[in-house]
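This report walks through selected strand pairings, a loop residue, charged pairs and cysteines of one model. The sequence and the structure come first, and the description follows.

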Amino acid sequence: MDIKTARSTVGWTQKSAAQYNRLQTAPTSPGVCTFWLEGRCKRNPCRFLHDASLPCNVYHRAAKLSMPEDGPGKGPESSVVNSANSSSRKGGDSSIEKNPQTPQEKVCRYWISGNCVKGDACPFLHSRFQGVDFAMLAKLEGHKKGVSGIALPSGSTMLYSGSKDGTIRIWDCHTGQCVQVINLRGEVGCFTCEGPWLFLGMPNTVKAWNIENGASYNISGLVGQVHTMEVGNNMLFAGAEDGTILVWKWGSEADPFQMAAPLRGHTRGVVSLTVGCDRLYSGSIDQTIRVWDLHTLECVQELVGHTDVVMSLLCWDQYLISCSLDQTVKVWGATEGGSLEVVYAHHEDHGILALSGMSDGGCKPVLLCACIDNTVRLYELPSFTERGKIFSRREIRTLQTAPGGLFFTGDTTGMLTVWNWLDLPKSQQEQLPHLMESC
């Protein structure tokens with residue numbers, strides 16, 4: 001089921017209170033190697049203790065929120081990332097001691113890094129996910145920096161991924177091996193596909209590549225890094241660092257992309273776009289969402305409700321769903337007058353980086369939320385009942401879904417992971433690409 005066309009008659013539940021938690025930091029014993037405790041000691045021998053018999057509470061320290069891969073204040077996304085770390089930590093610290101998690105609700109960060117010495121005695125989870133309705137199919141390693149886009153073009157036997165390391169990797173999922181690496185000599189800020197076309201957002205340009213005939217184009221006219229792209233109504237939209245949304249209309253075979261008038265209104269970079277119900281929705285670092293008429297390309301409404309960067313947007317049924325670094329997911333519904341207003345707000349303990357939506361094995365709509373605490377939370381819509389969690393070593397910033405119950409996650413270390421829903425109906429099993437069955 002396409003998340004944009006899902007139908008549901010169930011109402012939204014009442015707004016629930018946010019739960020903030022973190023485990024207490026316990027002091028380490030004198031003489032114990034602090035680098036070993038963090039899984040980073042490279043000395044052999046080391047003059048400090050590497051003692052596997054340490055009391056359990058040395059593992060009960062709060063995990064540090066990871067900094068952006070480029071570091072604070074660097075790169076085109078510095079304003080987004082710095083805001084993410086500051087706002088999410090401030091929001092969580094206000095009630096840090098009130099609702100501590102039990103150990104089995106949290107993944108062992110030493111196990112994730114391959115350094116847990118407790119084995120079966122460790123009180124924390126030794127698993128990359130928590131949930132019974134989905135499973136991990138494959139881990140695809142190769143990118144040196146964060147994954148910024150994932151695409152499985154319709155009818156293709158290859159999976160494509162773009163990264164901030166300046167490369168595209170093409171994966172043969174019969175074997176799970178990377179069959180080609182294309183060096184673009186520039187950071188890939190975003191990555192999407194439509195039909196046979198792949199679009200790559202890069203500094204000051206969009207690259208278009210036809211995977212069927214090999215044709216490629218550089219579409220110029222941009223200022224700064226391209227953060228997000230979306231296709232709708234036979235047009236390509238690109239959100240740029242300067243707050244402009246560039247628009248290209250499909251043209252002739254000789255000139256396939258013809259520039260239309262840019263959309264202006266945001267005061268800072270546009271980082272999220274989605275299309276639905278003859279509208280284009282744009283989210284920005286300026287904390288607002290703008291609604292654009294796809295026929296006139298005019299802004300018809302500005303939505304104000306988030307207090308930090310609007311990181312991701314999604315259309316579901318007649319609703320618009322947005323997420324932000326302010327730790328909220330907001331559901332917007334239409335009033336009698338046709339304007340949008342918030343009808344439900346869901347709170348997380350951390351800032352939210354990305355959203356995606358799909359159907360589970362029972363054809364129920366599920367929302368995927370990637371958070372700054374290195375997790376992806378899965379919620380059933382419209383109740384926001386939790387269906388599971390995915391754990392990662394670093395932040396997952398890229399989510400992508402595909403037919404047949406497949407979905408993909410890409411984190412800031414460059415790891416691309418393939419997942420699928422279990423117990424799919426026969427109709428969905430037939431859509432499952434054979435290429436993913438043997439990864």
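In the hairpin region to begin with, strand S12 (residues 235-240) and strand S13 (residues 245-250) run antiparallel and are joined by 5 bridges, and across this pairing Leu236 has Trp248 of S13 as its bridge partner. The model is a predicted one, in which local features need pLDDT of at least 70 and side-chain atom pairs count only at pLDDT 80 or more, while totals for chains, interfaces and linings use all residues. Residues are numbered from 1 along each chain as its sequence is written, and side-chain values use heavy atoms, with hydrogens and water left out.

## Sheets and strand pairs

Strands, as the word is used here, are DSSP runs of E with at least two residues, numbered from the N terminus, and two of them pair if DSSP finds at least two bridges between them. On that basis, S12 and S13 belong to an open sheet of 4 strands with the order S11-S12-S13-S14 and antiparallel pairing. Strand S11 (226-232) and strand S14 (257-259) stand at the edges of this sheet, and because each has a single partner strand, one side of each is left without a neighbour in the sheet. From one strand to the next, the twist averages 25 degrees, where axes are lines fitted to C-alpha atoms and angles run from 0 to 180 degrees between N-to-C directions.

Another open sheet of 4 strands has the order S3-S4-S5-S6, again with antiparallel pairing. Its edges are strand S3 (147-151) and strand S6 (177-183), each with a single partner strand, so one side of each is left without a neighbour in the sheet. Neighbouring strands here are turned by 20 degrees against each other on average, direction ignored. Strand S3 is joined to strand S4 (residues 158-163) by 4 bridges in an antiparallel arrangement, and within that pairing Ile150 stands opposite Ser161 in S4.

Further along the chain, strand S27 (residues 396-402) pairs with strand S28 (residues 406-411) in the antiparallel sense over 6 bridges, with Phe408 of S28 as the bridge partner of Gln400. The hairpin of S27 and S28 has 3 residues between the strands, and Gly404 in this hairpin takes a positive phi near 80 degrees.

## A loop residue with distant partners

Which residues does Lys144 contact, leaving aside its neighbours within four places in sequence? Lys144 lies in the loop between strand S2 (134-140) and S3, and it is in contact (heavy atoms within 4.5 Å) with Asp165 and Thr413. Lys144 and Gly414 are 270 residues apart in sequence, yet their C-alpha atoms are 5.5 Å apart in space. Lys144 counts as exposed, at 68% relative accessibility; in these terms buried means under 20% relative accessible area, exposed over 50%, and partly exposed in between, with a 1.4 Å probe and protein chains only.

## Salt bridges and cysteines

A search of the whole structure finds 9 salt bridges, each being a side-chain nitrogen of Lys or Arg within 4 Å of a carboxyl oxygen of Asp or Glu. The table lists some of them.

| Salt bridge | Closest N and O atoms |
|---|---|
| Arg279 and Asp293 | 3.3 Å |
| Arg387 and Asp360 | 2.8 Å |
| Glu380 and Arg387 | 2.9 Å |

The pair of Arg387 and Asp360 links distant parts of the chain, 27 residues apart, with Arg387 in strand S26 (residues 385-391) and Asp360 in the loop between strand S23 (352-359) and strand S24 (365-371). Arg387 is buried, with a relative accessible area of 16%, and Asp360 is buried as well, at 3%. Glu380 likewise counts as buried, at 19% relative accessibility. Salt bridges that share partners join Asp133, Asp360, Glu380 and Arg387 into one network.

In the pair of Arg279 and Asp293, Arg279 counts as partly exposed at 25% relative accessibility, whereas Asp293 counts as buried at 14%.

How many disulfides does a search of the whole structure find? The search finds 0 disulfides, a disulfide being a pair of cysteine sulfur atoms within 2.5 Å. For Cys116, the closest cysteine sulfur is that of Cys108, 3.8 Å away, which is too far for a bond. Cys178 counts as partly exposed, with 27% relative accessibility.
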